Amino acid sequence: MEANEWIDLTCHRATHSNAVRSLRASVRRTGAGLAISFRFEGDLSSLHVPAPTTPGIGKELWRHTCFEAFIAIEGRAAYHEFNFAPSGEWTIYGMRGYRDGAPLADESMRPEIVVRSTATQLELDAAVHLDRLSDEHARAPLRVGLYAVIEADDGFSYWALMHPASKPDFHNSQGFILRLEPTG
């Protein structure tokens, strides 16, 4: 699947949320980086959104509402997991293979995060600097998975471009279905 402007994320069949009317995402290459956007539409009053804080490296952001991108160089088992919280916090994990890795505590990798909200919409834009992962990331074909963890009054729901397993599992590389070619 090629990236396009806005793509619907679907809720995993084992979870649900009455708060969500729609959840969409987009991703595109921007020279040596990626521009990633998420758009939640629904009942924002029942959504549990982390309060804004000083942007920086966070911990266990997936325990609350957050948006995620998994990025792998085509043909490789290694990947990076990016977590973006509406609070402005972020975490990047370097993975050698399926769930085999650790957080990268490197402020130079800081994504640029912008959050906007209204009574019925929450948007998060993140600019990721691929060249800070490696020169190869900036010029190689990539496989990308886009995801969201939504915490609402009625519990947690897990959203993805595709759910390849019977339980929510964002680390399953079969869900990295967007292919992004290098620019220029």
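What follows is a short chat about a predicted model of one protein chain.

Q: How many helices and strands are there in the chain?
A: In this predicted model, the chain has one helix and 13 strands.

Q: And where does the helix come in the order of elements?
A: Reading from the N terminus, the elements run β-β-β-β-β-β-β-β-β-β-α-β-β-β, so the helix follows strand β10 and is itself followed by three more strands.

Q: Okay, what about the overall size, and what would a compact globule have as its radius of gyration?
A: For 184 residues, a compact globule would have a radius of gyration near 16 Å, and the chain, with 15 Å, agrees with that. Along the principal axes, the C-alpha atoms fill a box of roughly 40 × 35 × 30 Å.

Q: What share of the residues is buried?
A: Of the 184 residues in the chain, 49% are buried. The accessible surface comes to about 8,600 Å², and carbon and sulfur atoms account for 49% of that surface.

Q: Which contacts join residues at least 24 apart, and what is their share?
A: If you take the contacts between residues at least 6 apart in sequence, 62% of them join residues that are at least 24 apart.

Q: Let's get to the sheet: in what order do the five strands stand?
A: The order is β1-β3-β4-β10-β9, in an open sheet with antiparallel pairing. The edge strands are β1, residues 7-8, and β9, residues 112-117, and each of these pairs on one side only.

Q: What holds strands of a sheet together in general?
A: Strands of a sheet pair through backbone hydrogen bonds, and the pairing can be parallel or antiparallel.

Q: Starting at the β1 edge, how many bridges join β1 to β3?
A: Two bridges join β1 to β3, which covers residues 20-30, and these strands run antiparallel. In that pairing, Ile 7 has Ala 25 of β3 as its bridge partner.

Q: And how many bridges join β3 to β4?
A: There are 10 bridges between β3 and β4, which also run antiparallel, and Arg 29 stands opposite Leu 34 in β4. These two strands form a hairpin with two residues between them, where Gly 31 takes a positive phi near 65°.

Q: What happens at the other edge, with β9 and β10?
A: Six bridges join β9 to β10, residues 121-129, and the two strands run antiparallel. They form a hairpin with three residues between them. Within this pair, Val 115 stands opposite Leu 124 in β10, while Arg 116 has Glu 123 as its bridge partner in β10.

Q: Going back to positive phi, which residue other than glycine has a value near 50°?
A: That is Glu 60, whose phi is near 50°, and Glu 60 is found in the loop between β4 and β5, residues 33-42 and 66-73.

Q: Why does Glu 60 count as partly exposed?
A: Glu 60 has 39% relative accessibility, and partly exposed is the class between under 20%, which is buried, and over 50%, which is exposed.

Q: What about Arg 99 and its phi?
A: Arg 99 is not a glycine either, yet its phi is positive, at about 55°. Its place is in the loop between β7, residues 90-97, and β8, residues 100-103. With a relative accessible area of 47%, Arg 99 is partly exposed.

Q: Last topic, charges: how far apart are the mean positions of the positive and negative ones?
A: The chain has 18 positive and 24 negative charges, and their mean positions are 3 Å apart.

How values were computed. Residues numbered from 1 in each chain as written. Predicted model: local features only at pLDDT ≥ 70, side-chain atom pairs only at ≥ 80, totals over all residues. Heavy atoms only, no water. Pairing = 2+ DSSP bridges. Helix = DSSP H or I, 4+ residues; strand = E, 2+ residues; numbered from the N terminus. Rg over C-alpha atoms; globule rule 2.2 N^0.38 Å. Buried < 20%, exposed > 50% of the residue type's maximum accessible area, 1.4 Å probe, protein only. Contact = heavy atoms within 4.5 Å. Areas by Shrake-Rupley, 256 points an atom, 1.4 Å probe, with all protein chains shown as cover. Lys, Arg positive; Asp, Glu negative; His and termini not counted. Charge placed at Lys NZ, Arg CZ, Asp CG, Glu CD.
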